[in-house]
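Please examine the sequence and the model below before reading on. The paragraphs that follow consider aromatic rings and then one helix.

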Amino acid sequence: MRYLTEHQVWSVTGSGTDWSVHSRTDDAAGEPVRARAVLLATGAYERQLPFPGWTLPGVVGAGGAQAMFKSGLVLPGRRVVVAGSGPLLLAVAASLAAAGARVPAVVEAAGYGPYVRHTGTLLRNPAKLAEGALYGGALLRHQVRPLLRHAVVEAHGTDRVEAVTVARLDRDWRPVPGTGRRVPCDALAVGHGLVPELSLATALGCATRTAADGTAALVLTPGLRTSVPGVWAAGETGGVGGAQLALAEGEIAARTVAGRAVPASLARRRDRLRAFADAMGAAHRPGAGWTGWLRDGTAVCRCEEVPAGRVREAVEELGATDARTVKLLTRAGMGWCQGRMCGPAVAALAGGETVADRRPLACPVRLGQLAELPAD
């Protein structure tokens, strides 16, 4: 078995039982790896919903803030508001508070009421409940204030963020007029869950579905096969669900690829964790009204500097009905990130669901590295 570190896969070609996996390092193109089967476990990245001021220095992703602390023990600021939606916010706020940051509020756009509709699923996942209670207790000890059904609708500052405006939301995530209040801070950690990374899968033609949280995820069999023969997937590619679910699915996929039976206990554990993930995703799925906090001048696509007003113009005056048409008319999504950051926002403004793009390259590749590939 070969174990290649510091390699990034940019393309998978082939079919059936004959595949070539193409990768790169920072310096050169890697030698293609031949395989009888491919298992995709490409993870996910943060979902960002833009708002006025979100491009100010000091505004970071919630997961990014956690990564900064874990990798280098660096705090994004001394007074950090944590905002967005999803259980990751609790973990981030608890970590920042324990490290010495002042967290004046955890601003959660959704409520926890929707979990009540999934009581059975919650009771079958006691470890998840215990984890939530642990984070909740940590926030109480550090006197962190939770604000449910609220959102940061604007960040203020000149050279960096100095304060945020927090407003109450209605059931559709529309800001309720007259409820805005200003909260001083020197950093904002914000995120609205995760988006499955499907670049390799969609390039292969794997079928997708809309997951409970509104993101695009792969269609998978119980054995975690994709719609493309010879290709399997595990973890966040099938819908965001966390580390324990990813481990269970990785083992199931590996057994299926090897032609071995999947123990019933393992299949039940995967089903239990996936049910919890779906309940969590549905509870924190962004409401359609969140676009109400976007002004026409608010940047939606940061790479190409496309404001919300130009996207709205493409939809209302030029007849765009989906994110792809908006992209052609405004260049939103044509920049460095290729729509990974702005895709959900552009799709929402266009009035549709987020659809996974199909690209020939899963990551940036230098022309010189492409030229090094063997001509086969």
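Over the ring of which residue does the charged end of R302 sit? In this predicted model, the ring in question belongs to W54, and the charged end of R302 lies 4.3 Å from the centre of that ring.

Rings may also pair with one another. A pair of aromatic rings is described by the distance of the centres and the angle of the planes. A search of the whole structure finds two such aromatic pairs. One of them joins Y112 and Y115, whose centres are 5.9 Å apart and whose planes meet at 25°. This pair counts as stacked because planes under 30 degrees apart are classed in that way. Y112 is partly exposed, with a relative accessible area of 32%. Y115, by contrast, has a relative accessibility of 11% and therefore counts as buried, the cut-off for buried being under 20%.

The other pair is formed by W290 and W293, with 5.8 Å from centre to centre and 55° between the planes, an arrangement described as tilted. Both of these tryptophans are buried.

Attention now turns to helix α7. This helix comprises 20 residues, from 264 to 283. From its first C-alpha to its last it reaches 29 Å, which is close to the 28 Å expected at 1.5 Å a residue. Its buried residues include L266, L273, F276 and M280, and also the arginines R270 and R274. Among the elements that cover the buried residues of α7 are α3 (119-123), α4 (126-141) and α6 (243-257).

Methods
Residues are numbered from 1 along each chain as its sequence is written. This is a predicted model: local features need pLDDT of at least 70, side-chain atom pairs count only at pLDDT 80 or more; totals for chains, interfaces and linings use all residues. Side-chain values use heavy atoms; hydrogens and water are left out. Rings of Phe, Tyr and Trp (its six-membered ring) pair if their centres lie within 6.5 Å; planes under 30 degrees apart count as stacked, over 60 as edge-to-face and the rest as tilted. Buried means under 20% relative accessible area, exposed over 50%, partly exposed in between (1.4 Å probe, protein chains only). A charge sits over a ring if NZ of Lys or CZ of Arg is within 6 Å of the ring centre and within 35 degrees of the ring normal. Helices (H or I, at least four residues) and strands (E, at least two) are DSSP runs, numbered from the N terminus. The expected span of a helix is 1.5 Å times one less than its number of residues. Contact means heavy atoms within 4.5 Å.
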